[in-house]
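Open the model in a viewer and keep the selection panel at hand. The stops below go from the whole chain to single side chains.

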Amino acid sequence: MASKPSKDSPALTHIDSGGEARMVDVSKKPATERTAVAEGRVVMSKATLELIVSGNARKGDVLGTARIAGIMAAKRTSELIPLCHPLALSKVTLDITPDRNLPGCIVRATVKVTGPTGVEMEALTAVSVACLTIYDMVKAVERGVRIEGIHLVEKKGGKSGHYRA
């Protein structure tokens with residue numbers, strides 16, 4: 001049996017009073033504009049980053065492919081995360097910035113919707129899949145590439161208001 005929520009430990013919205021997983025009913029929530037931004041890093045050697053930046057990776061355009069993969073992933077989040085609502089996204093942007101000081105790539109997704117629920121999971125999924133795509137495209141030259149720091153940077157809209165990490 002699930003424990004009762006208190007002021008110190010709020011209830012988990014995807015668990016019912018019997019402790020069972022459930023999809024949250026958002027039918028009575030107003031449709032408002034909601035935006036989420038997520039970010040992550042792909043850390044690699046300087047030589048591997050140079051292959052990406054110069055366009056000489058054997059599999060082709062690493063950053064362009066990762067950008068498309070991230071956008072596609074955001075659109076399919078409800079198929080990947082069991083209790084997410086399918087959303088008609090109005091905007092998905094994926095910015096991938098090579099960073100020679102890292103060395104690696106900073107991946108940032110911004111997702112927007114007008115609806116009754118937020119898009120944090122879509123932004124996080126976009127970043128995750130874009131990072132995985134970068135790894136996949138360069139793993140032949142460097143197996144030690146690391147995906148790090150995937151997190152929600154900001155969310156706007158909805159009842160809980162504005163959040164910034």
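The tour starts with the overall view, then takes the sheet, the helices and two single residues.

**Before selecting**

This is a predicted model, in which local features need pLDDT of at least 70, side-chain atom pairs count only at pLDDT 80 or more, and totals for chains, interfaces and linings use all residues. Residues are numbered from 1 along each chain as its sequence is written, and side-chain values use heavy atoms, with hydrogens and water left out.

**Whole protein**

Show everything as a cartoon. The protein has four helices and five strands, in the sequence pattern β-α-α-α-β-β-α-β-β. Helices (H or I, at least four residues) and strands (E, at least two) are DSSP runs, numbered from the N terminus. Along the principal axes, the C-alpha atoms fill a box of roughly 55 × 35 × 25 Å. Of the 165 residues, 35% are buried; buried means under 20% relative accessible area, exposed over 50%, and partly exposed in between, with a 1.4 Å probe and protein chains only. Among contacts (heavy atoms within 4.5 Å) between residues at least 6 apart in sequence, 69% join residues at least 24 apart.

**The sheet**

Select the strands next. They form an open sheet of five strands in the order β2-β3-β1-β4-β5, with antiparallel pairing. Two strands pair if DSSP finds at least two bridges between them. The edges are β2 (91–99) and β5 (163–164), each paired on one side only.

Zoom in on β2 and β3. Their antiparallel pairing runs over nine bridges, and a hairpin of four residues joins β2 to β3. To find the register, pick Thr-93, which stands opposite Thr-110 in β3.

Move to β1 (residues 32–43) and β4 (residues 146–156), antiparallel strands joined by eight bridges. Here Glu-39 stands opposite His-151 in β4.

**Helix α4 and its partners**

Add α4 to the selection. This helix lies across β1, β2, β3 (104–115) and β4, at about 25° to β1. Axes are lines fitted to C-alpha atoms, for helices over the stretch in contact, and angles run from 0 to 180 degrees between N-to-C directions.

Now add α2. The axes of α2 (residues 62–75) and α4 (residues 120–138) come within 7 Å and cross at roughly 145°. Residues to show as sticks include Ala-66, Ala-69, Gly-70 and Ala-73 of α2, and Ala-126, Val-129, Ala-130 and Ile-134 of α4. The contact of α2 with α4 comprises 11 nonpolar residues, four polar and one charged. In this count Ala, Val, Leu, Ile, Met, Phe, Trp, Tyr, Cys and Pro are nonpolar, Asp, Glu, Lys and Arg are charged, and the others, Gly among them, are polar.

**Thr-117**

Select Thr-117, in the loop between β3 and α4. Is Thr-117 buried or exposed? Thr-117 counts as buried because its relative accessible area is 16%. Leaving aside neighbours within four places in sequence, Thr-117 is in contact with Val-26, Arg-34, His-85 and Leu-87.

**Ser-54**

Finish at Ser-54, in helix α1 (residues 46–54). With a relative accessible area of 36%, Ser-54 is partly exposed. A polar atom of the Ser-54 side chain lies 2.9 Å from the backbone oxygen of Glu-50, and the backbone oxygen of Leu-51 lies 3.2 Å from a polar atom of that side chain. For a last distance, take the C-alpha atoms of Ser-54 and Asp-95: these residues are 41 apart along the chain, and the atoms are separated by 18 Å.

Note on methods
Polar contact = N/O pair within 3.5 Å; in protein donor to acceptor, adjacent residues only side chain to side chain.
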